[in-house]
Structures are given as C-alpha cells and as structure tokens.
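Reader: I am new to this structure and would like a close look at one part of it, the surroundings of the ligand. Please also say how that part fits into the rest of the chain.

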Amino acid sequence: MIAGYGWCGKGAAMRAKGLGAKVIVTEVDPVKAIEAVMDGFTVMKMEDAAPLGDFFVTVTGCSRVITENSFLKMHEGAILSNAGHFDVEVDMAGLKKLAVRSFEARQNITGYTLPNGVTVYVIAEGRLVNLAAGDGHPAEIMDMSFAIQARSAEWLIANRDTVTSVLNNVPRAVDEAVARQKLASMQIEIDTLTDEQRAYLYGDEKHAVL
Ligand SMILES: NC(=O)c1ccc[n+]([C@@H]2O[C@H](COP(=O)([O-])OP(=O)(O)OC[C@H]3O[C@@H](n4cnc5c(N)ncnc54)[C@H](O)[C@@H]3O)[C@@H](O)[C@H]2O)c1
C-alpha cells in the first residue's frame, strides 16, 4: 500500500509492482488519484486499505497519514514504513500511546501490539526508510540532485540583480543542462529538433530552449 502518488510515490508503486506486489494507492489529490487508476493501480481510502495491506509505505510529505483508526484495522504482521519525511506520516506518537506492548522484533524493526491483540511492525521508527534502514540514495540519483543544486545556486548568483524573493522554479535551462550531462555520461544520444520543427512546435516563444 502506497500513500501519496507524487514523484516518490509513483516510483515506489512502480517498483513494488515490478516485484510482483498488488499495489493499492491512497491519495487526496483527485488528479493524482486518477493518474494512479490509469496507471493500473487500485485506489481507495486509507481506512479501506488498512485491513488489506501487508506492507505500507507513506510518501506524502503530510502528517498523520496512518493513524489509530487505521492501525486498529490492520491484520497481524502488517509492516509499516515511511519514505516521506520525519516520523509523522505514520503517526508514531499515536501508535506508541495506543500499543499495549512494544519490542524489538529484529534490528531496526519494532513490533507494536495493539489492544485488539494484533501486532504491527514499524521499520526504522517510521523515519525515512531508505535512509534509516537502507543504504540511502544511490549515487546515480544523488549526482543529478547535487548537480541541480549546484547549477541552481550558480543561476541565482548570475541572476541576483533580477531574481525576486519568492519561490522560484528551477529554470528549464538548468534542468536541461543537467539532463544532457547525465545522458552524455551514460553514452546515450537523443535527437535534436530541426529549426523547422522548433518553429512548428514553439513558434517564436522565447522560453523554448530545446
Ligand atoms: N525517502 C527519500 O529518499 C525521499 C526522496 C525525495 C523526497 N522524499 C520525501 O517524500 C515526500 C513526497 O515527495 P514528492 O516529491 O513525491 O512530493 P509530491 O508533492 O510530488 O507528492 C506527494 C503526494 O502525496 C499526496 N498526499 C498529501 N497528503 C496526503 C495524504 N494525507 N494522504 C494521501 N496522499 C497525500 C499529494 O496529493 C501528492 O500527490 C516528501 O516529504 C519528500 O521530502 C523522500
């Protein structure tokens, strides 16, 4: 069960499906929810997914996505994890208060026995599971993240006289430069628009950088 079908949730759902899992997605955004449906996933409310899920992953950036209501509907042995942020997506404070017993089931996996006798298991205390219980991000991902950050900082300095103090999207040119470098490092070549094609697609739009 994946909560949140954003950038990270989509990736998690896709990988889980690739491993043979039947994936259920929960969402609050109707557009993301319909995307998940069109991508072939089962979409439902968390309270309906709670009794069905064997393995829960939250990836929302939100708080208290899985709470007491849901914990009490889970089956014996359900495993909970969070790949979103902090330890609030799985309501750890609520779970600790609710549980009648907790114990270390395996290293970094805690069992919580609920008043109904069911024990659920939480990986890495509900903190970012890939960082707290795995090897973190692979280098193939971090190199692009760091490149985007470095080039964005460079862009901010170059445009310091004109940039406004609001949240700015990473400029398309920065994204594109990093993508091109990454493709080149992987010896992958792509096609290039001809002048005719560029005019056909963009007319004389100034922002078109392809
Ligand atoms: N573990 C990691 O390595 C890693 C990497 C990148 C980002 N993150 C974190 O993952 C989280 C999600 O990042 P993203 O880039 O996918 O964000 P995103 O905004 O693209 O996706 C979040 C999705 O969660 C949905 N959502 C919000 N509240 C919800 C709720 N209560 N129930 C169900 N769905 C809900 C939103 O509608 C949205 O579609 C963030 O907290 C981010 O910091 C983790």
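Author: Among the elements of this predicted model, helix α1, residues 7–18, gives the most to the shell around the ligand, contributing three residues. The shell holds 23 residues, and the closest to the ligand are G4, G6, D29, G61 and C62. By character, 10 residues of the shell are nonpolar, 10 are polar and three are charged.

Helix α1 is one of nine helices in the protein chain, which also has eight strands. The radius of gyration is 22 Å, well over the 17 Å that the globule rule gives for 210 residues, so the chain is more spread out than a compact globule. Along the principal axes, its C-alpha atoms fill a box of roughly 70 × 35 × 35 Å. The domain assignment divides the chain into domain 1, residues 2–132, and domain 2, residues 139–202. Between the C-alpha centres of these two domains lie 34 Å.

Some of the strands can be followed pair by pair. Strand β4 (residues 55–58) runs parallel to strand β5 (residues 79–82), and four bridges join them. Within this pair, V57 stands opposite S81 of β5. Strand β5 also pairs in the parallel sense with strand β8 (residues 119–123), here over two bridges. L80 has V122 in β8 as its bridge partner.

Two figures describe the packing of the whole chain. Buried residues make up 23% of its 210 residues. Of the contacts with a separation of 6 or more, 54% are between residues 24 or more positions apart.

Technical notes. Residues numbered from 1 in each chain as written. Predicted model: local features only at pLDDT ≥ 70, side-chain atom pairs only at ≥ 80, totals over all residues. Near = placed C-beta within 6 Å. Nonpolar A, V, L, I, M, F, W, Y, C, P; charged D, E, K, R; others polar. Pairing = 2+ DSSP bridges. Domains from an automatic or database assignment. Rg over C-alpha atoms; globule rule 2.2 N^0.38 Å. Buried ≥ 20, exposed ≤ 12 C-beta atoms within 10 Å, placed from the backbone. Contact = placed C-beta atoms within 7 Å.
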